[in-house]
Amino acid sequence: MTGWSDRIWDASALRGVDERGRAEIEAAGRIENLKKGAKAFSIGEPADDFFVVEDGEIEVRAVPRGEENVRVLRRVVAGEVFGEESMLRAGASRQMEAITAKGARIARVPVGIFSRAAERSGGNALLAAKKRSLERAATLDLLRTMALTRELDEKDLEAFLDASEMQTIARGTPLFRADDIATHMYFVVDGMLQLQSEDDGRAHVRAYLARGDEVGDVELEANAHHSMSAIASGVSSVIAIRADAVREVASRHPQFFEQARRTTKESAARQVRVALDAMTTQHVMKDLYRLEVARSLLVIDQDSCVRCGHCAWSCATSHDDGVARLVRRGDKVVSGEAEQASSLLLPNSCQHCENPACMIDCPTGAIGRDPRGDVFIREEICIGCGNCAKGCPWDNIQMAPRSATKKALSATVAVKCDVCKGRDEGPACVAACPVQAIARVSPIDSIEELGVIRGAARKIETRIVPRPASAWPWWAGAVAFAIAAMLLGGSAMITGAVSGALCLALTTYPVFKRVARARAIGQPKVVDPDR
């Protein structure tokens with residue numbers, strides 16, 4: 001059996017889609033046969049599809065806030081849907097994983113195609129009903145992962161679910177302001193919020209709220225106004241639960257608000273420790289949101305970097321157009337405790353965000369993501385409009401001249417880091433660094449402060465950037481050369497002249513290579529010392 005069976009189309013999410021819509025979904029989606037223990041998706045993957053189980057059983061699992069081990073949230077059987085979190089926000093990443101319990105046959109349904117088919121089949125009413133159903137299921141899964149709610153029974157979770165609303169807050173927009181009356185308790189689903197007070201007309205950040213944190217419980221218990229404002233550091237999603245439902249559940253669980261206070265205090269204690277370590281104005285705490293959304297961040301250890309420029313040069317030479325996808329300028333941050341802090345440069349280079357802002361306004365769909373989450377540009381359908389470059393908050397996309405043989409669509413094309421896709425050695429910039437001062441990292445796995453804010457249970461022990469390559473072999477070689485020259489009867493003048501010539505050759509080596517590359521592509525250009 002290779003086609004889409006009636007069992008798939010009878011699933012509640014797909015029921016009512018017309019024949020044309022079914023054909024489009026079948027063409028864009030696919031049937032997958034998974035063996036026992038195989039994953040349908042993993043945490044961190046792009047959430048662009050949901051799934052219908054035709055046969056078998058799937059376990060939806062996650063690591064609850066504050067825990068270290070994976071927990072089974074629910075089991076999905078034939079005729080049921082999973083992966084509904086893809087409906088909550090465009091471009092979101094998976095916060096859960098799905099694994100086959102005993103083998104399964106599943107249908108992958110692309111969200112974009114499904115939404116268009118449902119809207120055409122039954123108008124906005126059908127699409128809205130389908131979305132509400134899928135979003136409700138996704139919200140219930142998310143509630144099960146929260147520290148405050150994971151011990152509640154199904155009746156309590158249903159009460160929260162009936163009184164919940166998923167809200168998306170734009171960057172810089174308040175979720176609530178100080179002195180507003182508390183009407184909801186909020187759980188942060190994605191993004192990051194700043195709790196801040198305003199003294200003497202200036203905003204002071206008092207705490208950060210990241211995925212899994214809650215806020216508003218203290219004010220609801222006391223029936224009070226908010227004492228601080230909650231501002232979105234970037235596009236953020238929250239589950240808002242009405243006050244009446246919170247108080248109803250709390251009435252059945254006398255320890256509910258006490259547990260909420262304990263959870264909040266634990267989070268605050270972690271943040272205080274991180275804040276005390278933030279000894280400079282360039283500490284990563286100053287722009288945690290950027291690090292929070294980055295999936296693959298390029299960092300340069302400023303204490304190890306010798307400013308040779310080989311990273312940018314190797315990037316340019318590894319692409320046919322000779323344009324570097326990184327600029328050796330950018331934000332400077334400090335991470336770690338004062339005595340062992342790393343001083344890092346974040347050069348302008350795509351960080352392959354979990355929720356790429358550049359994808360939103362692309363009119364042709366030229367920007368996409370592969371299954372690993374790497375963001376790429378399809379240059380053959382890019383029309384050079386520049387919307388992606390304008391949309392990137394960190395200026396990591398640039399417009400470059402299109403190849404002379406490919407100017408059918410536009411004279412310019414958007415270019416950005418593609419992590420040297422297809423290159424066996426990995427990113428050219430990392431491989432070319434002579435002192436190992438540059439690396440691509442996952443901030444959540446490499447920067448301890450971010451892990452602390454996110455409630456990671458395990459301390460990060462490894463360095464953000466590998467230790468710099470030792471210089472002693474070069475010194476040993478130089479000494480050996482000098483001794484050999486003297487033993488062979490060479491004069492000090494000859495030895496010095498040869499050594500000087502070697503130093504000059506090493507100094508001019510990058511220049512010769514860059515000029516040769518420029519001639520090879522027939523486009524001589526001035527070398528920017530910062531590129």
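Trainee: In this predicted model, is helix H9 (residues 310-317) largely enclosed by the rest of the structure or not, and why?

Mentor: A residue counts as buried when its relative accessible area is under 20%. In helix H9, seven of the eight residues are buried, so the helix is largely enclosed by the rest of the structure. The buried residues are His310, Cys311, Ala312, Trp313, Ser314, Cys315 and Ala316.

Trainee: Which residue in the loop between strand S15 (297-301) and H9 has a positive phi although it is not a glycine?

Mentor: That residue is Arg307, which lies in this loop and has a phi of about 60 degrees. With a relative accessibility of 45%, Arg307 counts as partly exposed. His352 also has a positive phi, near 50 degrees, and is a residue other than glycine. His352 lies in the loop between strand S17 (342-348) and strand S18 (367-369), and because its relative accessibility is 0%, His352 counts as buried.

Trainee: How should I read the packing of helix H4 (residues 154-162) and helix H6 (residues 243-252), and at what angle do they pack?

Mentor: Two packed helices are described by the angle between their axes and by the distance between the axes. Here, H4 and H6 pack at an angle of about 165 degrees, and their axes are 9 Å apart. Angles over 145 degrees count as roughly antiparallel, and H4 and H6 are therefore roughly antiparallel to each other. Their crossing is right-handed.

Trainee: Which residues of H4 and H6 meet?

Mentor: On the H4 side they are Lys155, Asp156, Ala159 and Phe160, and these meet Ala245, Val246, Glu248, Val249 and Arg252 in H6. The residues of this contact divide into five nonpolar, no polar and four charged.

Trainee: Which residues touch the most other members of the largest nonpolar core?

Mentor: The general idea is that, in soluble globular proteins, nonpolar side chains tend to be buried together. In this structure the largest nonpolar core has 43 residues, and those touching the most other members are Phe82, Ile106, Phe160, Ile241 and Phe256. If we leave aside residues up to four places away in sequence, Phe256 touches Leu148, Leu152, Phe160, Met185, Val246 and Ala250. Another core, of 21 residues, lies apart from the largest one, and Val17, Val52, Ala107 and Val109 are among its members.

Trainee: Where is Ser133 placed, and is Ser133 buried or partly exposed?

Mentor: Ser133 is found in helix H3 (residues 111-145), and because its relative accessibility is 43%, Ser133 counts as partly exposed. Ser133 and Met87 are 46 residues apart along the chain, and their C-alpha atoms are separated by 9.9 Å.

Conventions
Residues numbered from 1 in each chain as written. Predicted model: local features only at pLDDT ≥ 70, side-chain atom pairs only at ≥ 80, totals over all residues. Heavy atoms only, no water. Axes fitted to C-alpha atoms, helices over the stretch in contact; angles between N-to-C directions. Helix = DSSP H or I, 4+ residues; strand = E, 2+ residues; numbered from the N terminus. Parallel < 35°, antiparallel > 145°, perpendicular 65-115°, else oblique. Left-handed = near helix turned anticlockwise from the far one by under 90°. Contact = heavy atoms within 4.5 Å. Nonpolar A, V, L, I, M, F, W, Y, C, P; charged D, E, K, R; others polar. Core = buried A, V, L, I, M, F, W, Y, C linked by side-chain atoms within 4.5 Å. Buried < 20%, exposed > 50% of the residue type's maximum accessible area, 1.4 Å probe, protein only.
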